Amino acid sequence: MGFVYTAHMTVTCKESLWPRMLSALVVSVVIGAGLPMAARAGAQAPTPAPDPSDIADGMRLYQQKGDCQACHGWAGDGRKMDSQMPDGSNLRETRLDRARLIMTIKCGRPGTGMPAFDKFAYTDGRCYGMKQADLKSPMPDPPATLQQREIERVADFLFQKVVGKGPMDRAKCIEYWGSEVEACREFK
Ligand code: HEC
């Protein structure tokens, strides 16, 4: 997970043994205390927590413009909303970090049902150094193309509400929708 990697980096940056052990100790104590993300990043430049309105934008883009939920389900758990669509993966369990997740949204995944949302994907080598002619099969069309900043909002939303959050349950459902909506009834 992200913070474990950060802890590792902190450790390898130090030179002598004592600061190493100390920083490892501090990091594990901080993690153990379950402090917010910013505190876990310690001395390294913390990624600022995304704005709640950015999360809401990302959620809307996920549900509507990008229609990610057609294939990945509203909860991102792979229970697709549209039975005609390919089986999207369970995003709650993805191991991708932010950069790779963003790359996957921009460039899709050649040879699978995952479309590329970047309008210029496979035109100029920005996607895995490949152009249209390098693809073995054409990419499926995305429901809509998304701007870089829209893709970042979707990523903010996913990391805040979906990735690594475990299976959806009643409490998470209410938190996810902001109120006890119809969709939460299936969770006892
Ligand atoms: C038409 C169906 C479809 C749509 C729409 C779609 N996806 Fe996918 N997505 C897939 C499929 C299928 C895969 C699995 C690819 C594979 O087999 O590796 C996938 C894989 C992914 C992965 C990689 C997960 C992993 O752990 O490897 C991410 C991230 C992802 N999708 C995010 C999104 C987001 C965000 C959107 C909306 C902006 C979206 N997808 C829209 C079908 C779709």
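Me: How many helices and how many strands does the secondary structure of the protein chain come to?
Reply: Happy to start there. This is a predicted model, where local features need pLDDT of at least 70, side-chain atom pairs count only at pLDDT 80 or more, and totals for chains, interfaces and linings use all residues. Residues are numbered from 1 along each chain as its sequence is written. With helices taken as DSSP runs of H or I with at least four residues, and strands as runs of E with at least two, both numbered from the N terminus, the chain comes to 8 helices and 0 strands.

Me: Which element of the protein chain has the lowest mean pLDDT?
Reply: pLDDT is the predictor's confidence in each residue, from 0 to 100, and the chain averages 85. At the high end, helix 6 (residues 98-107) has a mean of 98. Over residues 1-14 the pLDDT is below 50. The lowest mean, 44, belongs to helix 1 (residues 2-13).

Me: Why should residues 38-42 be read with care?
Reply: The model has 14 contacts for residues 38-42 beyond four places in sequence, a contact being two C-beta atoms, placed from the backbone, within 7 Å. Even so, pLDDT stays under 50 there. Where pLDDT is low, the predicted coordinates should not be read in detail.

Me: Which helices do the buried residues of helix 7 pack against?
Reply: A residue is buried if 20 or more other C-beta atoms lie within 10 Å of its own, exposed if 12 or fewer, and partly exposed in between, with C-beta atoms placed from the backbone. In helix 7 (residues 148-161), the buried residues include Ile151, Val154 and Leu158. The buried residues of this helix pack against helix 4 (52-63) and helix 6.

Me: Which element gives the most to the largest nonpolar core?
Reply: Such a core is a set of buried Ala, Val, Leu, Ile, Met, Phe, Trp, Tyr and Cys residues joined through C-beta atoms within 7 Å. The largest has 23 residues, and Tyr62, Ala116, Ile151, Val154 and Leu158 touch the most other members. Helix 4, helix 6 and helix 7 each give two or more residues. With 6 residues, the most comes from helix 7.

Me: Which residues are closest to the ligand?
Reply: A residue counts as near if its C-beta atom, placed from the backbone, lies within 6 Å of the molecule. Helix 5 (69-72) and helix 6 each give two or more residues to the shell. Of the 27 residues around the ligand, the closest are Gly66, Cys68, Cys71, Thr94 and Met114.

Note on methods:
The expected span of a helix is 1.5 Å times one less than its number of residues.
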